[in-house]
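User: I'd like to talk through this model and hear the reasoning behind each label. Could you take me through it step by step?

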Amino acid sequence: HRGRFVFKESNDVYDYVVGDASDVYRKEAGLTGFLRNFLYIKPGLVVVADELAAKGAAEFAWFLHTPGEITTAGSNRCLIRNGDAYLQVVVLEPLDVRMTVQPKEVAAEYPKNDWKRLNVLSLACAKPCDRTSFIVVMYVGDPERGVLEASRAVSAGGNSIEVSVGGMKRTIRLAGQRDVRATPGIISSVK
């Protein structure tokens, strides 16, 4: 089983790809849809929006593995530091996210790697459901030079993500409710 790219767009402002991983997992898992939206807004801003659907109530989870140290700040923010490199992370969905950080010993799994241990940022829904989205906004940069601010905005004109860091401000328009596998791409525009 393998995933496939179902959409791509690139310009001077951003690069955007959508991958369909619906068929990657075993059928016993009950997953009926999994689209990963990956948006890179130049320079250094990343939005990952995973759209998931299952046959019945499922316990969805999202993971980020890093050799860096993870410091959480509240229920939906964290800072990852690896030497002089920083990654600021804000989780916008699910609203009832449970965020945990745990170390994982990996020396035996990856003997050719210098890493002996990775830290794992885990996101999970508070309760099982048949569909969910994980929307995570990340910025590569020292918070001393600008703190990442990200929020969801809902209006009569539709849903959007408002992002600012340093002097950069962006509005990312989101597509409305839809079938996860029928219409690729949750992101409809970037301004």
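**Cysteines and disulfides**

Analyst: Happy to. The count of disulfides comes to zero, and please keep in mind that this is a predicted model.

User: How do you know that cysteine 129 is not bonded to cysteine 125?

Analyst: A disulfide needs two cysteine sulfur atoms within 2.5 Å. The sulfur of cysteine 129 has its closest cysteine sulfur in cysteine 125, at 4.3 Å, so the two are too far for a bond.

User: And what rules out a bond for cysteine 78?

Analyst: The same kind of check. For cysteine 78 the closest cysteine sulfur is again in cysteine 125, but it is 17 Å from the sulfur of cysteine 78, which is too far for a bond.

User: Why is cysteine 78 called buried?

Analyst: The label buried applies under 20% relative accessible area. Cysteine 78 has 5%, so it is buried.

**Two loop residues**

User: Why does isoleucine 186 count as buried?

Analyst: Its relative accessibility is 9%, and because the limit is under 20%, isoleucine 186 counts as buried. Isoleucine 186 sits in the loop between β14 (168-174) and β15. Its C-alpha atom is 8.8 Å from that of valine 18, although the two residues are 168 apart along the chain.

User: What makes aspartate 96 partly exposed?

Analyst: Partly exposed covers the range between under 20% and over 50%. Aspartate 96 has a relative accessible area of 36%, so it belongs in that range. This residue is in the loop between β8 and β9. The C-alpha atoms of aspartate 96 and leucine 123 are separated by 10.0 Å, with their positions 27 residues apart along the chain.

**Strands and sheets**

User: How do you know that β12 pairs with β13?

Analyst: Two strands pair if there are at least two bridges between them. Seven bridges join β12 to β13 (residues 158-165), so they meet that rule, and they run antiparallel. One of the matches is glutamate 149 with its bridge partner serine 164 in β13.

User: What makes β12 and β15 edge strands?

Analyst: They belong to an open sheet of four strands in the order β12-β13-β14-β15, with antiparallel pairing. β12 (149-155) and β15 (187-190) each have a single partner strand, so one side of each is left without a neighbour in the sheet. Neighbouring strands here are turned by 25° against each other on average, direction ignored.

User: Which strands stand at the edges of the sheet that holds β5, β10 and β9?

Analyst: That open sheet has three strands in the order β5-β10-β9, with antiparallel pairing. The edge strands are β5 and β9 (98-105), as each pairs on one side only. From one strand to the next the twist averages 25°.

User: How do you know that β9 and β10 are paired?

Analyst: There are eight bridges between β9 and β10 (residues 117-124), and at least two are needed, so they count as paired, in the antiparallel sense. Within this pair, glutamine 102 stands opposite valine 120 of β10.

User: What about the partners of β3?

Analyst: Strand β2 (residues 14-20) is joined to β3 by seven antiparallel bridges, and phenylalanine 38 in β3 is the bridge partner of valine 17. β3 also pairs with β4 over ten bridges, again antiparallel; there, asparagine 37 is matched by alanine 49 in β4.

**Turns and cis bonds**

User: What lies between β3 and β4 in their hairpin?

Analyst: Three residues, and glycine 44 in the turn has a positive phi of about 90°. Proline 43 is in this loop too, and the peptide bond leading from lysine 42 to proline 43 is cis, with omega near -5°. A second cis bond runs from glutamate 93 to proline 94, with omega near 0°; proline 94 is in the loop between β8 (85-93) and β9. Most peptide bonds are trans.

**The largest pocket**

User: What makes the lining of the largest pocket mainly nonpolar?

Analyst: The lining divides into eleven nonpolar residues, three charged and no polar. The pocket holds about 360 Å³ of space. Of its 14 lining residues, Tyr25, Phe34, Leu52, Phe60 and Ala61 are the closest to its centre. β3 (31-41), β4 (45-58) and β5 (61-66) each supply at least two lining residues, and β4 gives the most, with four.

Methods:
Residues numbered from 1 in each chain as written. Predicted model: local features only at pLDDT ≥ 70, side-chain atom pairs only at ≥ 80, totals over all residues. Heavy atoms only, no water. 1 Å grid on protein atoms, 1.4 Å probe; cavity = no way out; pocket = protein on both sides within 12 Å on 5 of 7 lines; lining within 4 Å. Points joined across faces, edges and corners; volume = space filled by probe spheres on them. Nonpolar A, V, L, I, M, F, W, Y, C, P; charged D, E, K, R; others polar. Axes fitted to C-alpha atoms, helices over the stretch in contact; angles between N-to-C directions. Buried < 20%, exposed > 50% of the residue type's maximum accessible area, 1.4 Å probe, protein only.
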